[in-house]
Amino acid sequence: MTAPDLNLLITLDVLLREGSVARAAKCLQLSPSAMSRALARLRDATGDPLLVRAGRGLVPTPRALELRERVSHLAQEAEAVLRPVEVLDPGRLQRTFTLRNTDGFVETFAAALLARIGAEAPGVRLRFVQKADKDSTLLREGRVDLETGVVDDTTDPTLHSRVLFHDHWIGVVRDGHPLSSGGVNVKRFASGQHILISRRGRSSGPVDEALLAYGLTRDIVTSFGGFSAALTLVRETDLIATVPERHTSKLRMGMHSFALPLQMPDISVSMLWHPRTDADPAHRWLRQCVREVCA
């Protein structure tokens, strides 16, 4: 079966709207003879005369009257598809975005982000889901709109990313812990009992690598996959946690934080999204809101 010529859809829309071959030809910038040939093709395609002679003019057939509204709607939809997207009006946006983040990011930035979104786009809802690992399958499948995290050699290279902020490591203990008073040197730091925070379940981390340069090791009593649970335990024990400063600012309230006596690499926290959403105006607006909240 021969596929229909979809160009005829626009021609049919104009013909049914104008009810005149001459006026339709003028609207479409065609000659009257070319318009007559197009009408003949439309009659063949639909199996209906569509416009018939009545006196000096043409009148639509019942089939044409039945098609007029549907054809007009389809023509407008087709034109909208091929037209550049209009400037987004966040105030009229009705959409739910899913963000995948660590607990520290949510604790630190979610309130400000929700306030920003609520002020600009009351019809937008944010859904936060826990980021327990670096697997970006949910992002690739479209079940997550945006992720935040550290980009490294395990990150899917097909994803887009942009740095949100830089962070650095600090030590945290409960208020009143021995390390909360006096200077903290490398030996004093290493001699305490520590929590290892690793979402990948590793038995050591960057702190241990830095301590090796001094010929030291630390006593790791337990490990957690996230900052919130680890800092909750630190608050009630004599354990020491090493965490990113800005990422955990609210989680550490009421606790004692100190500069590490070690040379540790800084952290760059980025947002990541799939290429399919890169040009979406609503998604671009969301990314701008996240950037400005984290700036």
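Trainee: Leaving aside neighbours within four places in sequence, which residues is V290 in contact with?

Mentor: In this predicted model, V290 is in contact with F105, L113, L146, L164 and M271, once its neighbours within four places in sequence are set aside.

Trainee: How should I read a cluster like that?

Mentor: Start with the general idea: in soluble globular proteins, nonpolar side chains tend to be buried together. Here, the largest nonpolar core has 24 residues, and F97, W285, L286 and V290 touch the most other members. At least two residues of this core come from each of β3 (95-101), α5 (103-120), β4 (124-130), β6 (160-167), β12 and α10.

Trainee: Which element gives the most to this core?

Mentor: That is α10, with 7 residues. Another core lies apart from this one; it has 17 residues, among them L8, V14, V21 and L67.

Trainee: Let's look just before α10. Where is T277, and is it buried or exposed?

Mentor: T277 sits in the loop between β12 (267-273) and α10 (281-294). T277 counts as buried because its relative accessibility is 13%, and the cut-off is under 20%. Beyond its neighbours within four places in sequence, T277 is in contact with H283 and R287.

Trainee: Now backbone angles. What should I expect of phi?

Mentor: Most residues other than glycine have a negative phi. Two residues here are worth a look. Q29, not a glycine, has a positive phi of about 60 degrees, and L50, also a residue other than glycine, has a positive phi near 70 degrees.

Trainee: Where do they lie, and is each buried or exposed?

Mentor: Q29 is in the loop between α2 (21-28) and α3 (32-46), and is exposed, with a relative accessible area of 74%. L50 is in the loop between α3 and β1 (51-54); at 1% relative accessibility, L50 counts as buried.

Trainee: Last topic: the open sheet. What is the strand order?

Mentor: The 5 strands run β9-β8-β10-β7-β11, with mixed pairing. β9 (219-224) and β11 (256-259) are at the edges with a single partner strand each, so one side of each has no neighbour in the sheet. From one strand to the next, the twist averages 35 degrees.

Trainee: In what sense do β8 and β9 pair, and over how many bridges?

Mentor: β8 (residues 193-197) pairs with β9 in the parallel sense, over 5 bridges. For instance, Q193 has D219 in β9 as its bridge partner.

Trainee: And which strands does helix α9 lie across?

Mentor: Helix α9 (residues 227-236) lies across β7 (169-173), β8, β9 and β10 (240-244), and runs at about 145 degrees to β10.

Methods: Residues are numbered from 1 along each chain as its sequence is written. This is a predicted model: local features need pLDDT of at least 70, side-chain atom pairs count only at pLDDT 80 or more; totals for chains, interfaces and linings use all residues. Side-chain values use heavy atoms; hydrogens and water are left out. Helices (H or I, at least four residues) and strands (E, at least two) are DSSP runs, numbered from the N terminus. Buried means under 20% relative accessible area, exposed over 50%, partly exposed in between (1.4 Å probe, protein chains only). Contact means heavy atoms within 4.5 Å. Two strands pair if DSSP finds at least two bridges between them. Axes are lines fitted to C-alpha atoms, for helices over the stretch in contact, and angles run from 0 to 180 degrees between N-to-C directions. A nonpolar core is a set of buried Ala, Val, Leu, Ile, Met, Phe, Trp, Tyr and Cys residues joined through side-chain atoms within 4.5 Å.
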